[in-house]
There are 2 protein chains.
Amino acid sequence: MLTPDILLINGLVLPEPGISKVIEPGYVAVRNGRIAALGPMAELAAPQGREVIDARGGVILPGLINGHCHAAMTLFRGLADDLPLLTWLHDHIFPAEVRLVNPEMVYWCSRLAAAEMLLSGTTCVADGYFCMEAAARAFADCGLRAVAAQGVIDFPAPGVPDPADNIKAAARFLDDWLDRDPLVSPAVFAHSPYTCSARTLRAAKDLARGREIPLFIHVAETREEKALIKDALGASPVKHLDALGILDERTVCIHCVWVDEEDLAILARRGAGIVICPQSHLKLASGTAPLRGMLAGGLQVALGTDGPASNNGLDLFREMDVCAKVQKVRDLDPVAVRAGEVLAMATGMGAGVLGLAGQCGVLREGALADLIVVDRQRPHLQPFHGPDLLVYSARGSDVRTVLVGGRPVVRDGCLLTMDPAETMVRVRRMAETLGRQNP
Amino acid sequence: MLTPDILLINGLVLPEPGISKVIEPGYVAVRNGRIAALGPMAELAAPQGREVIDARGGVILPGLINGHCHAAMTLFRGLADDLPLLTWLHDHIFPAEVRLVNPEMVYWCSRLAAAEMLLSGTTCVADGYFCMEAAARAFADCGLRAVAAQGVIDFPAPGVPDPADNIKAAARFLDDWLDRDPLVSPAVFAHSPYTCSARTLRAAKDLARGREIPLFIHVAETREEKALIKDALGASPVKHLDALGILDERTVCIHCVWVDEEDLAILARRGAGIVICPQSHLKLASGTAPLRGMLAGGLQVALGTDGPASNNGLDLFREMDVCAKVQKVRDLDPVAVRAGEVLAMATGMGAGVLGLAGQCGVLREGALADLIVVDRQRPHLQPFHGPDLLVYSARGSDVRTVLVGGRPVVRDGCLLTMDPAETMVRVRRMAETLGRQNP
């Protein structure tokens with residue numbers, strides 16, 4: 001083995017969370033931004049590397065993958081909680097967005113989100129919003145891998161005052177970012193079947209198809225949406241999208257709370273991916289997605305936090321925990337979804353949904369060196385009977401070390417690529433213009 | 001004001017979480033273990049104290065109150081997850097308990113739990129287990145306030161091999177601990193209506209009544225329990241307890257997942273308290289307690305983590321978050337339970353359930369100085385639109401400072417009263433005898 005750039009030693013290595021056995025104690029060697037080798041410590045001839053990181057018994061696993069976010073909405077986190085969805089949207093979020101969303105806001109608020117995600121062990125996010133040029137810059141500047149999807153909606157939107165230009169704006173974003181930065185893959189985010197016409201949806205998919213990139217879309221999030229589409233178009237949201245011909249292996253359907261077996265069979269047949277956002281589904285009282293049925297049907301399902309205004313956090317450890325637990329009560333079955341399945345959703349399976357299968361979400365020779373180290377020497381992680389504790393007991397704050405593309409981004413729980421203090425001050429100043437909504 | 005022992009300054013002070021307005025910036029003065037004064041910084045003539053703690057804008061609030069725990073079960077955390085309840089209990093937990101539960105195990109494993117609780121902002125726990133003498137010593141040694149309840153069950157139990165001695169053993173524990181340590185209040189924990197005979201339940205209540213202390217009991221946790229009691233006794237679990245005459249202001253009913261409106265009316269009439277454990281209810285697939293109905297009926301409801309083997313953690317911030325969210329989906333109503341109500345459950349209302357109303361769970365002149373400081377200078381807590389973020393965004397790891405009875409127990413996120421490393425080693429060694437159950 002050539003001398004690695006970074007050698008992580010003395011870890012409990014989880015090469016494919018939820019699937020493979022652990023290697024303990026194990027090492028991971030990183031070279032040129034990729035995994036060069038991994039294995040048991042006993043097989044490591046000479047523990048040499050330009051830099052050696054001693055995991056001290058911590059868990060070394062692939063960085064977590066956030067399948068759905070609106071990062072810039074950190075500005076609105078906690079602005080208006082515990083409200084009916086329409087009151088929340090129409091009286092609080094939409095008016096605040098109209099007033100405040102612009103490239104500068106998107107840049108700084110996405111930076112704040114990037115800091116939160118990196119510090120809690122997320123190394124890749126699929127983000128969808130407007131002014132995505134600014135978000136993409138923020139992610140790249142912070143060292144966070146991103147699938148950055150420009151929003152398309154049939155309403156005036158930040159940066160796209162005339163909806164007639166929405167596809168053109170998305171095309172411009174794709175042209176700007178395809179092959180621009182190894183960390184950022186551009187994509188298209190069609191908002192939903194109830195805010196995009198059939199024509200817009202088809203055009204968005206054509207655009208994505210032409211460039212072989214993913215199309216993201218919110219689908220079947222609420223009962224109301226399902227009823228609305230049924231009334232207007234005589235079909236379920238999934239069937240509507242299928243009839244438009246926009247479901248394929250590069251279509252990612254977000255939410256899918258109100259889908260039935262026929263919908264799932266269609267998604268499986270088309271090879272479409274799914275992202276569920278369990279905490280957002282709880283907080284907005286949308287419901288609980290039929291995850292057991294999705295997994296049993298062979299569907300690829302990723303885990304997303306959704307935007308920080310409907311969660312209100314971006315910690316995927318918390319999301320994994322809630323995901324596994326809430327399914328058990330949905331089905332009144334403690335075996336409904338196992339911790340290992342949720343770990344796979346947040347790593348390898350999540351990568352597959354985003355079109356990054358084998359690239360990240362896995363520790364394997366040749367894969368990108370996106371990985372994290374979770375400290376186990378903490379009272380709430382002892383004794384450590386097995387990796388299930390990563391789901392039911394670990395928290396984002398247990399992450400000590402984060403590498404993205406082989407670059408150390410977090411060390412000893414501190415960000416190396418940015419100063420969070422400056423970003424917090426900038427975002428706080430913007431928030432002050434919103435005024436206090438809570439006591 | 002006499003010179004305080006400790007003066008906390010520059011905080012966002014929440015005297016009664018979920019009820020009172022915030023004081024910002026504010027101070028809290030502590031003297032002789034109690035709150036001596038609090039108010040806006042502007043009213044603080046001279047910022048003097050034997051010790052001054054600058055909260056640097058952090059939130060100062062009462063320490064959180066864990067209404068139900070089996071602390072010593074840290075040993076079994078993650079030992080056997082994602083299993084049906086009876087398999088979990090009979091094949092894993094009960095055999096492990098028979099082999100391993102003894103005073104030494106209870107002492108060290110309760111210490112580990114105390115470390116986790118204090119580090120995550122819990123200043124008072126209601127704990128129920130066996131060999132409670134050892135648990136009480138562990139809590140007192142670590143500086144954690146506790147209502148320590150000796151278990152009573154009609155089966156051979158650790159420390160009580162002959163169930164005929166169960167009441168006697170509880171009486172001995174009460175005699176030993178009444179007025180022994182200002183941090184520990186002894187109590188009785190009758191396991192449940194399905195593991196204790198009518199005679200045992202009455203005797204346990206008589207014992208508690210005689211000493212004017214609380215009786216805790218698991219009630220209506222699962223559908224199966226409800227059906228079992230109904231078949232055997234022709235009544236709901238709550239009605240059964242009521243018929244036995246054991247429900248009063250000093251009876252605390254834990255779980256209450258499967259209660260109907262009549263049950264809640266009975267509990268309200270008797271003035272009994274309730275503790276719900278939302279994450280345990282999810283993880284064991286028990287269901288979701290009808291919290292909205294409880295609060296609307298004027299019942300006092302505390303929040304508990306349950307034991308770490310069925311959660312798997314003791315962080316009440318996480319518990320608050322899940323509690324508020326899961327209720328919204330239970331009722332498909334985003335307003336079902338507000339963040340402020342859950343904050344009250346984990347502080348002032350929780351204290352009321354444990355018989356400590358006005359003593360803790362509130363920052364008020366004369367109350368015990370059990371308080372915590374939550375750092376807000378973290379990416380996931382910015383911008384801070386209001387205290388709802390304590391529920392939906394904060395984590396136990398955001399707690400920087402903890403005082404119990406005026407004694408600094410945690411400073412800068414580090415425990416002052418014990419060395420967690422030694423405790424982790426001791427518990428890990430015990431765990432090694434259990435063998436690995438997970439891959």
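**Exercise 1. Place G57(A): in which loop is G57(A) found, and which residues is G57(A) in contact with?**

Solution. Start with the chain trace. G57(A) is found in the loop between β4 (51-54) and β5 (59-62) of chain A. Helices (H or I, at least four residues) and strands (E, at least two) are DSSP runs, numbered from the N terminus. The model is predicted: local features need pLDDT of at least 70, side-chain atom pairs count only at pLDDT 80 or more, and totals for chains, interfaces and linings use all residues. Residues are numbered from 1 along each chain as its sequence is written, while chains are lettered from A and ligands numbered from 1 in the order in which they are written.

Next, look for contacts. Two residues are in contact if their C-beta atoms, placed from the backbone, lie within 7 Å. Leave aside the neighbours within four places in sequence; G57(A) then contacts N10(A), L12(A), R376(A) and Q377(A). Take N10(A): its C-alpha is separated by 5.5 Å from that of G57(A), although the two are 47 residues apart along the chain.

Last, count neighbours. A residue is buried if 20 or more other C-beta atoms lie within 10 Å of its own, exposed if 12 or fewer, and partly exposed in between, with C-beta atoms placed from the backbone. G57(A) has 15 other C-beta atoms within 10 Å, so G57(A) is partly exposed.

**Exercise 2. Trace the pairing of β1(A): which strands does β1(A) pair with, and in which sense?**

Solution. Strands pair if DSSP finds at least two bridges between them.

- β2 (residues 23-31) of chain A: antiparallel to β1(A), over five bridges. I6(A) stands opposite V30(A) here.
- β4(A): parallel to β1(A), over four bridges. L8(A) has I53(A) as its bridge partner.
- β5(A): parallel to β1(A), over two bridges. V13(A) has I60(A) as its bridge partner.

Now check the cover. β1 spans residues 6-13 of chain A, and six of its eight residues are buried.

**Exercise 3. Describe the sheet of eight strands in chain A: what is the strand order, and which strands stand at the edges?**

Solution. Read the order. The open sheet runs β6-β7-β8-β9-β10-β11-β12-β13 in chain A, and the pairing is parallel. β6 (64-69) and β13 (301-303) of chain A each have a single partner strand, so one side of each is left without a neighbour in the sheet. Neighbouring strands are turned by 25° against each other on average, direction ignored. For such angles, axes are lines fitted to C-alpha atoms, for helices over the stretch in contact; angles run from 0 to 180 degrees between N-to-C directions.

Pick one pair. Three bridges join β11 (residues 251-255) to β12 (residues 273-276) of chain A. Within this pair, I254(A) stands opposite V275(A).

Add a helix. α5 (residues 198-211) of chain A lies across β8 (145-152), β9 (184-190) and β10 (215-219) of chain A. Its angle to β9(A) is about 165°.

**Exercise 4. Test the length of α11(B): how far apart are its end C-alpha atoms, and what span is expected?**

Solution. The expected span is 1.5 Å times one less than the number of residues. Helix α11 (residues 316-330) of chain B has 15 residues, so 21 Å should result; the end C-alpha atoms are 20 Å apart, which agrees. Then check burial. All 15 of the 15 residues of α11(B) are buried, so the helix is largely enclosed by the rest of the structure. Just after α11(B), L332(B) takes a positive phi of about 45°.

**Exercise 5. Relate the two chains: what turn and shift lay chain A on chain B, and how many residues does the contact take from each chain?**

Solution. Superpose first, by least squares on the C-alpha atoms of residues with pLDDT of at least 70 in both copies. A turn of 180° and a shift of 0.0 Å along the axis lay chain A on chain B, with an RMSD of 0.0 Å. The two copies are thus related as by a two-fold rotation axis. In chain A, the C-alpha nearest the axis belongs to S397(A), 3.3 Å from it.

Now the contact. Chain A gives 61 residues and chain B gives 61 residues. On the chain A side, α11(A) gives the most, with six residues. By class, this side has 30 nonpolar, 15 polar and 16 charged residues. Ala, Val, Leu, Ile, Met, Phe, Trp, Tyr, Cys and Pro count as nonpolar, Asp, Glu, Lys and Arg as charged, and the others, Gly among them, as polar.

Finally, compare surfaces. 100% of the interface residues of chain A are also interface residues in chain B, so the copies meet through the same surface.
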